[in-house]
Amino acid sequence: MEEIDYLCIGHGSQDLAPYGPSAGGTATYSSLTAQTLGQRAAIVTSAGPDFDPGQFLPGIKTVSLPTAHTTVFENIYTPAGRCQYIHSVAAPLGPEAVPPDWRSPGIVHLGPIANEVDPALIYLFDSAVVGLTPQGWHRGWDAQGRVRFIPWPAAFDILPLATAVVVSQEDIRGQETWDIYRRRCRLLVITQGAAGCIVCHKSRVRHFPAPKAPEINPTGVGDIFAAAFFVRLHETDGDPWEAARFATQVAAPSVARPGLAGVPGPESE
């Protein structure tokens with residue numbers, strides 16, 4: 001297989017939105033963003049026979065494990081916050097899903113959306129910049145598919161192994177969980193929507209405001225931010241402040257466009 005620079009592992013999804021169905025999922029948004037930023041991007045995912053993630057990812061190498069169902073998400077935005085439903089889930093993704101030729105990229109992004117990514121995948125990549133967007137490990141759901149926050153038991157052991165962790169303040173609940181993240185992450189980025197992000201690195205904490213943009217739909221913006229952050233972190237040999245500045249500038253305009261239309265164009269390079 002051809003060499004790759006940026007590998008994202010996680011489900012591509014079908015998103016049900018007010019403007020109509022759309023392809024979604026961290027793997028979709030982040031790989032397209034990485035490609036825009038000049039990376040040879042690839043994803044490892046899983047989808048049912050009714051959904052071909054590759055059709056939404058021109059030029060991005062895709063390994064999709066066959067399964068009975070595609071992961072289907074519904075995001076409902078209200079004045080009180082976001083309400084999520086998961087209607088179906090594709091196959092889990094473990095180390096065996098990653099082709100041997102894809103185990104030495106410069107950047108690896110573990111991007112679960114429905115607790116589908118085996119955290120043990122992190123042990124495959126000892127020479128890469130490994131980025132985590134762990135919100136999917138904190139998602140459980142009831143019989144109606146309503147998503148709720150759950151603890152992630154592997155967090156204590158896995159977080160210190162990552163180069164960087166990007167997580168939204170909306171996706172983490174409870175002081176105890178936040179304490180684990182702040183103590184165990186080498187580099188933690190907390191995204192705050194329109195307010196920008198907070199970067200915690202070693203003993204320093206810095207806030208990076210986001211440029212103002214009219215918000216139409218924020219789905220996928222966190223994934224765009226994370227991809228831009230991981231790419232710039234790699235390009236600068238680990239400068240978290242420049243990575244945060246860059247990612248904030250890249251992601252902010254995306255809220256003004258729905259779905260995959262929010263993925264930045266070549267002008268973001």
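Select glutamate 242 first. In this predicted model, its relative accessibility is 18%, so glutamate 242 counts as buried. The cut-off for buried is under 20%.

Now display its charged partners. Glutamate 242 forms a salt bridge with arginine 232. The closest N and O atoms of that pair are 3.1 Å apart. The pair links distant parts of the chain: glutamate 242 sits in helix α5, and arginine 232 sits in helix α4 (residues 221-235). Ten residues separate the two. Check arginine 232 on the surface view: with 25% relative accessibility, arginine 232 counts as partly exposed.

Next, pick arginine 245. Arginine 245 also forms a salt bridge with glutamate 242, and here the closest N and O atoms are 2.7 Å apart. This pair stays inside helix α5. The two residues are three apart, about one turn of the helix. Arginine 245 has 39% relative accessibility and therefore counts as partly exposed.

Widen the selection to Arg232, Glu235, Glu242 and Arg245. These residues are linked in a network of salt bridges.

Stay in helix α5, which spans residues 240-251, and select alanine 243. Is alanine 243 buried or exposed? Its relative accessibility is 0%, so alanine 243 counts as buried. Show what surrounds the side chain. Setting aside residues up to four places away in sequence, alanine 243 touches Phe229, Arg232 and Leu233. Arg232 thus appears again: it touches alanine 243 and forms a salt bridge with glutamate 242. For a backbone check, draw a distance from alanine 243 to valine 231. Their C-alpha atoms are separated by 7.9 Å, and the two residues are twelve apart along the chain.

Now move to another part of the chain. Select arginine 40 and glutamate 3. Arginine 40 forms a salt bridge with glutamate 3, with the closest N and O atoms 3.8 Å apart. Which parts of the chain does the pair tie together? Arginine 40 lies in the loop between α1 (26-36) and β4 (41-47), while glutamate 3 lies in the segment before β1 (6-9), so the pair ties together parts that are 37 residues apart in sequence.

Colour these two by accessibility. Arginine 40 is at 35% relative accessibility, so it counts as partly exposed. Glutamate 3 is exposed, with a relative accessible area of 57%.

Finish with the full set of such pairs. How many salt bridges are there? The count comes to five, among them the bridge between arginine 40 and glutamate 3.

Methods: Residues are numbered from 1 along each chain as its sequence is written. This is a predicted model: local features need pLDDT of at least 70, side-chain atom pairs count only at pLDDT 80 or more; totals for chains, interfaces and linings use all residues. Side-chain values use heavy atoms; hydrogens and water are left out. Helices (H or I, at least four residues) and strands (E, at least two) are DSSP runs, numbered from the N terminus. Buried means under 20% relative accessible area, exposed over 50%, partly exposed in between (1.4 Å probe, protein chains only). Contact means heavy atoms within 4.5 Å. A salt bridge is a side-chain nitrogen of Lys or Arg within 4 Å of a carboxyl oxygen of Asp or Glu.
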